[in-house]
Amino acid sequence: MFSQFSLEDWEKYWREVGGGDVIYAHDPRREAIRTLNVRTAGATVIIDKQGRIAFKDQFATTYEELKEAVEKAQ
């Protein structure tokens, strides 16, 4: 993760907007970033329960778009 915000900040934000259960990860060697071909700090990637990429956005995703994508991935 190369964000300017800590995992704790993201989790707090997610709970404040009514987000459900998610898994947060830290990737100090940036292996996931390379594997998922993430090119921007604002990128969003949602992986479904089968391990497939269900949604990918190279820019900051709005809450509405994010909520819809998470619901579709379930």
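Trainee: How do the residues in the lining of the largest pocket divide into nonpolar, polar and charged?

Mentor: In this predicted model, the lining divides into 25 nonpolar, 11 polar and six charged residues.

Trainee: How is such a space found, and what is the volume of the largest pocket?

Mentor: Rolling a probe the size of a water molecule over the atoms shows where empty space is left. Here the largest pocket holds about 1,700 Å³ of space. It is lined by 42 residues, and those closest to its centre are Ile23, Tyr24, Thr44, Val45 and Ile46.

Trainee: Which elements give two or more residues to that lining?

Mentor: They are helix H1 (7-16), helix H2 (31-35), strand S1 (44-47) and helix H3 (63-73). H3 supplies the largest share, six residues.

Trainee: Let us take the strand next. Which side chains of S1 are buried, and which are not?

Mentor: In a regular strand the side chains alternate between the two faces of the sheet. S1 shows this alternation: Thr44 and Ile46 point to one face and are buried, whereas Val45 and Ile47 point to the other face and are not buried.

Trainee: How many bridges join S1 to S2, and how do the two strands run?

Mentor: S2 covers residues 53-57; four bridges join it to S1, and the two run antiparallel. Opposite Ile46 stands Phe55 of S2, while Ile47 has Ile53 as its bridge partner in S2.

Trainee: What lies between the strands of this hairpin?

Mentor: Five residues lie between S1 and S2, and Gly51 in this hairpin has a positive phi near 85 degrees.

Trainee: Which residues other than glycine have a positive phi, for instance near 60 degrees or near 55 degrees?

Mentor: Arg30 has a phi near 60 degrees, and Asn37 has a phi near 55 degrees. Arg30 sits in the loop between H1 and H2, and Asn37 sits in the loop between H2 and S1.

Trainee: Why do Arg30 and Asn37 count as partly exposed?

Mentor: The class runs from 20% to 50% relative accessible area, with buried under it and exposed over it. Arg30 is at 43% relative accessibility, so Arg30 counts as partly exposed. Asn37 is at 37%, and therefore Asn37 is also put in that class.

Trainee: Where does Ile47 lie, and what does Ile47 touch?

Mentor: Ile47 belongs to strand S1. Not counting residues up to four places away in sequence, Ile47 touches Leu36, Arg52 and Ala54. Ile47 is partly exposed because its relative accessibility is 47%. As for distance, Ile47 and Tyr63 are 16 residues apart in sequence, and their C-alpha atoms are 17 Å apart in space.

Trainee: That leaves the helix. Which residues of H3 are buried, and why do they line one face?

Mentor: The buried residues are Leu66, Ala69 and Ala73. Seen down the axis of H3, these buried residues fall within an arc of 70 degrees, so they line one face of the helix.

Trainee: Which elements do the buried residues of H3 pack against, and which exposed residues are on the face turned away?

Mentor: The buried residues of H3 pack against H1, S1 and S2. On the face turned away from the buried side, H3 carries the exposed residues Glu64 and Lys72.

Note on methods: Residues numbered from 1 in each chain as written. Predicted model: local features only at pLDDT ≥ 70, side-chain atom pairs only at ≥ 80, totals over all residues. Heavy atoms only, no water. 1 Å grid on protein atoms, 1.4 Å probe; cavity = no way out; pocket = protein on both sides within 12 Å on 5 of 7 lines; lining within 4 Å. Points joined across faces, edges and corners; volume = space filled by probe spheres on them. Nonpolar A, V, L, I, M, F, W, Y, C, P; charged D, E, K, R; others polar. Buried < 20%, exposed > 50% of the residue type's maximum accessible area, 1.4 Å probe, protein only. Pairing = 2+ DSSP bridges. Arc of directions from axis to C-beta. Contact = heavy atoms within 4.5 Å.
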